Amino acid sequence: MRPRILVSACLAGECVRYDGGAKPHPRVLAWVRAGKAIPLCPEVAGGLAVPRPRAEIQGGDGKDVLKGRARVIDGRGQDQTQAFLTGAHAALRLCREKRIRLAVLKDKSPSCGVHCIAQGRFDGSLRAGMGVTAALLARAGVHVLAETDLD
C-alpha cells in the first residue's frame with residue numbers, strides 16, 4: 001500500500017519538535033503503522049537540529065514568507081527563513097513523488113500551522129494564519145488539515 005497522507009512527524013510520535021518532544025495523535029499513529037501515512041518534519045528536513053530554539057513568523061504568516069514579505073526568526077534572533085522554505089519544498093517534493101493529496105499537520109507551528117500560528121512576539125499569543133509548509137502545500141493543491149480537525 002502506498003502512503004496517501006503526509007503527516008507532521010511529531011504527530012506520528014517522532015521526537016522532532018523544537019524542544020525535542022513529540023505530540024503523538026492516536027489516529028495519525030494508526031495511519032503510519034498501517035502504511036497509509038508518511039511522516040515528515042519540515043524543520044528537520046530544512047536542516048534544523050533537535051532540539052533547537054523556538055521560531056516564529058514575524059511580519060505575516062506562511063503565505064507572506066512564501067512571497068518574501070515575512071521572515072521566520074528564532075528565539076536567539078537568527079533568521080531561519082531559508083531552512084523553513086527548504087523544509088516546505090521538501091514536503092511538497094515528497095507529496096508530488098508519492099502523489100499525496102492530503103496532509104495532516106501540527107497546528108500552531110511556524111511550519112505546519114493550518115489554522116493558527118504564534119503571533120511572532122515570543123509571548124505565547126496566537127493569531128490566525130498558516131505556517132510555511134502548510135501554505136506551500138495548500139497553494140500547490142494539497143488539502144491540509146490540522147490534527148484538531150480529526151477530533
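**A parallel sheet and its helices**

Strand E5, which covers residues 102–105, pairs with E8 in the parallel sense, and four bridges connect the two. Within this pairing, Val-104 has Leu-145 of E8 as its bridge partner. The model in which these strands are seen is a predicted one, and the description below starts from the sheet and moves outwards to the helices and loops.

The pair belongs to an open sheet of four strands, whose order is E2-E1-E5-E8 and whose pairing is parallel. At the edges of this sheet lie strand E2 (37–40) and strand E8 (143–146), each of which pairs on one side only. From one strand to the next, the twist averages 25 degrees. Helix H4, made up of residues 81–98, packs on the sheet, where it touches strand E1 (5–8) as well as E2, and the direction of H4 makes about 160 degrees with that of E2.

Helix H4 also has a helical neighbour, for it packs with helix H5 (residues 132–139) at an angle of about 40 degrees, the two axes being 9 Å apart. Because of that angle, H4 is oblique to H5, and the crossing of these two helices is right-handed. On the H4 side the contact involves Phe-84, Leu-85, Gly-87, Ala-88, His-89, Ala-91, Leu-92 and Cys-95, which meet Val-132, Thr-133, Leu-136 and Leu-137 in H5. Sorted by character, the residues of this contact comprise nine nonpolar and three polar ones, with no charged residue.

Two loops deserve a look for their backbone geometry. In the loop between helix H2 (42–45) and strand E3 (55–58) lies Pro-51, which is joined to Val-50 by a cis peptide bond with an omega of about -10 degrees. The loop between H4 and E5 contains Arg-99, a residue that has a positive phi of about 55 degrees although it is not a glycine.

Taken as a whole, the secondary structure of the protein amounts to five helices and eight strands, and from the N terminus on these elements run β-α-β-α-β-α-β-α-β-β-β-α-β. The protein is as compact as a globular protein of its length, because its radius of gyration of 14 Å is close to the 15 Å that the globule rule gives for 151 residues. Along the principal axes, the C-alpha trace of the protein spans about 45 × 30 × 30 Å.

How values were computed
Residues are numbered from 1 along each chain as its sequence is written. This is a predicted model: local features need pLDDT of at least 70, side-chain atom pairs count only at pLDDT 80 or more; totals for chains, interfaces and linings use all residues. Side-chain values use heavy atoms; hydrogens and water are left out. Two strands pair if DSSP finds at least two bridges between them. Axes are lines fitted to C-alpha atoms, for helices over the stretch in contact, and angles run from 0 to 180 degrees between N-to-C directions. Contact means heavy atoms within 4.5 Å. Angles under 35 degrees count as roughly parallel, over 145 as roughly antiparallel, 65 to 115 as roughly perpendicular and the rest as oblique. A crossing is left-handed if the near helix is turned anticlockwise from the far one by less than a right angle, and right-handed if clockwise. Ala, Val, Leu, Ile, Met, Phe, Trp, Tyr, Cys and Pro count as nonpolar, Asp, Glu, Lys and Arg as charged, and the others, Gly among them, as polar. The radius of gyration is taken over C-alpha atoms; the globule rule is 2.2 Å times the number of residues to the power 0.38.
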